[in-house]
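Student: Please take a close look at one spot in this model with me, and then place it in its surroundings. I would like a connected account rather than a list.

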Amino acid sequence: MKMNRMNTASRLLALLLTTLVVLSLAACGTKGGDKTDGTSSEPKNAEEAVAMYNDLMAQENDILSENTELWEKVYMSADKGMALQEDGKNYGDFLLSTIESAKDQFTTDEMNLLQGEAEKIRDIENQLTLIEEKYPEVAQQSTDDAMSVPAGSDMTTPLDDGSMQKFPAFEGKDLDGNPVKSDDLFSGNAVTVVNFWFTTCNPCVGELADLDALNRELAEKGGALIGVNTFTLDGDEAAISEAKDVLTKKGATYQNVYFPSDGEAGKFTANIFAYPTTYVVDRNGNIVGEPIVGAITEKNQAETLQKLIDQALAADMG
Amino acid sequence: MDKKFSGVSQTMSRFRGWIQAGATLLTNLHLPNFLKGGLYQGAGKTVCVPGLNCYSCPAASGACPIGAFQAVVGSSKFSFSYYITGILILLGVLLGRFICGFLCPFGWFQELLHKIPTKKFSTKKLKPLTYLKYAVLLVMVFLLPAFLVNDVGMGNPFFCKYLCPQGVLEGAIPLSLANSGIRAALGKLFTWKFSILLSVIALSVLFYRPFCKWLCPLGAFYALFNRVSLFQMKVDKNKCVSCGKCAKACKMDVDVTKTPNHTECIRCGMCIRACPTKAVCFRYGFGDGKDKTNVAEMPQKNKDNKEI
Amino acid sequence: MSCGKKAAAQIVLLMAGAAMLCFGVWRGEAATVLSKAIKLCLECVGIG
């Protein structure tokens, strides 16, 4: 008798716990899920608004990252004097007028494609403006979110619309002791790729050679790649010599920097928990797109990184 | 049936599910991290937990012993981990495979799956597979990470990377759900490991604890210490009526009357509850304690009685 | 295994375990464990 009751109890417990597990997974699921749906309906509260805002941003970015070459042409022909960031100016309208003014550069098919996409962007931008009007804190909040969990990144990836996230400023040194200031570093390069790694991380070390090749490639385009070895923060001597040792063995010659761990950039680094993580930063010190999590030795990760770099370079020229 | 159950052994065995739940919770204390999609990064992770519990689980409160061993062995500085081996020897001698039966989160996970009502299959005929886990321990956890190294002397954690289903269940799945960056990083390796997890789940429904029996390197290590563990099974030959109910009840395919401290015994205590004469119980202490416990437990009986 | 022998083996193993643990901490293994456990090395846990 007792045995039976016990059995039922343990079964009930099992059931309960399984449900809990499923529910908690489902909770996570919806968290990730509401990024992909719920596009056009009105947000009910600020939280939904943030989700929608991010989602729209992601959609816009998807559109822009699809036909990179064509968009690059558009950016190139954009009127250099024309300020992108005028109040009330819709980015979609701006694109449409730019496309119109450069129509001799495109075939009819290309024109149709570009105009269609630009119209989509205009619609998205309109929705974004609506959300921003209703929930003014949203744009701010979506960047704040991104700040607190950098690798977590429900990060928005807007192009030149003013709500970009700044890469945290730092004043540090490279592993040879030369001072490095983030402002000078970023403003001196059309694009800066920042790679976070640590010495005992196998995939991080595995991609050093690839990163060195990328650095050389970037140098030709007016960009640069720097590494941040998290063990070397605050200038730990032993860690620096170990890091240098690994870099030499892997033939990586690009600059590796460290900074104080209690500074803005130090706290940013402490929040990164997945390694390697690679950020793309533009000339204004803004983070372009979402960080690449995982080694770029993986083909699709390398492609994503290249897209972000191209995007930053194109924006710099436009 | 005798209604008056007595003894700690009975109680422990009966509340095993709750103890397992409690141990799983203690091993994964930082639950809010599931929603944040981050890891606990405190000093608690210097120490490893007794069971198989991925330290890339957002909630994990300590390091996984197997993961930590590979991390040390695979680093360029060391090719053996005295620290982890020391901890594992202590745990092995103090508790042995009691850890598998009572404290391991992945063991509990498999048991919960086994409660799903379907036709169940015996693993008795698959006994040779139980030796596989020693090969996993030796090759994937020690030899390959320690000696198959790259040009800077670093090895891959082969078990974590290619085999461990717990890493996918606790690490990859929750993290990728909460974190879009990690979702973007999911690749072929994840597909492979996810298939392993699915197979283990399917097998767990049909068989009792298939991963513990055949693959778990941690279980393999503790198994080696079962014979010398302070935590033991004790069969009172005077009470035993050789009915064979204990062997039938054992889902790890052990006959406790013949080999009370068999490598496969996870001290779950199913035999204790199955025994009609209450001849089987847990014992904790140095040595075999044959004479002392016999006298202490039933001083009224003569220990020279016939053994039937 | 006789009772006395078993107890002796248990004590020896416990001491050996404790000694190994201390030696490991002394040569810096604990720090390696911590540094690995608090960060997620993607490929290492089979995510990438």
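Is B:Ser242 buried, partly exposed or exposed, and what is its relative accessible area?

Tutor: B:Ser242 is exposed, with a relative accessible area of 59%; here buried means under 20%, exposed over 50% and partly exposed in between, with a 1.4 Å probe and protein chains only as cover. Before going on, please note that this is a predicted model, in which local features need pLDDT of at least 70 and side-chain atom pairs count only at 80 or more, while totals for chains, interfaces and linings use all residues. Residues are numbered from 1 along each chain as its sequence is written, chains are lettered from A and ligands numbered from 1 in the order in which they are written, and side-chain values use heavy atoms, without hydrogens or water.

B:Ser242 belongs to the loop between β1 (231-235) and α15 (245-249) of chain B; helices (H or I, at least four residues) and strands (E, at least two) are DSSP runs numbered from the N terminus. What makes this serine worth a look is its backbone: phi is positive, about 55°, although the residue is not a glycine. Most residues other than glycine have a negative phi, and most peptide bonds are trans.

A good partner to set beside it is B:Arg209, another non-glycine residue with a positive phi, here about 45°. B:Arg209 also sits in a loop, the one between α12 (188-206) and α13 (210-214) of chain B. Its surroundings are another matter: B:Arg209 is buried, with a relative accessible area of 0%, whereas B:Ser242 is exposed at 59%. Chain A adds a backbone feature of another kind, a cis peptide bond from A:Tyr275 to A:Pro276 with omega near -10°. A:Pro276 is in the loop between β6 (274-275) and β7 (277-282) of chain A.

From these loops we can turn to the interior. The largest nonpolar core has 74 residues, and B:Leu52, B:Ile84, B:Phe159, B:Tyr222, B:Met233 and B:Val280 touch the most other members; such a core is a set of buried Ala, Val, Leu, Ile, Met, Phe, Trp, Tyr and Cys residues joined through side-chain atoms within 4.5 Å. Helix α5 (residues 82-94) of chain B gives the most to this core, with eight residues. For B:Tyr222, contacts (heavy atoms within 4.5 Å) outside its neighbours within four places in sequence include B:Pro50, B:Leu88, B:Leu91 and B:Cys100. Apart from this core lies another, of 54 residues, with A:Phe170, A:Leu185, A:Ala190 and A:Tyr258 among them. In soluble globular proteins, nonpolar side chains tend to be buried together.

Helix α5 of chain B also turns up in the setting of chain C: with α4 (65-74) of chain B and α1 (3-26) of chain C, it is included in what covers the buried residues of α2(C). That helix is mostly covered, as seven of its nine residues are buried. One of its residues is C:Lys36, in α2 (residues 29-37) of chain C, which counts as buried at 11% relative accessibility. Setting aside neighbours within four places in sequence, C:Lys36 is in contact with A:Thr200, A:Cys201, B:Tyr55, B:Ala71 and C:Cys44.

How far does the predictor trust all this? The model scores ipTM 0.91 and pTM 0.70. Chain C averages a pLDDT of 86, and 94% of its residues score at least 70; pLDDT is the predictor's confidence in each residue, from 0 to 100. Within chain C, the mean is lowest in strand β1 (residues 40-41), at 82, and highest in α1(C), at 91. Chain A has a mean of 73, with 71% of its residues at 70 or more. Among the elements of chain A, helix α1 (residues 2-33) has the lowest mean pLDDT, 45, and strand β3 (residues 191-197) the highest, 90. Over residues 1-9 of chain A the pLDDT is below 50, and this stretch has nine contacts beyond near neighbours in sequence. Residues 143-162 of chain A also stay under 50, yet the model gives them 58 contacts beyond four places in sequence.
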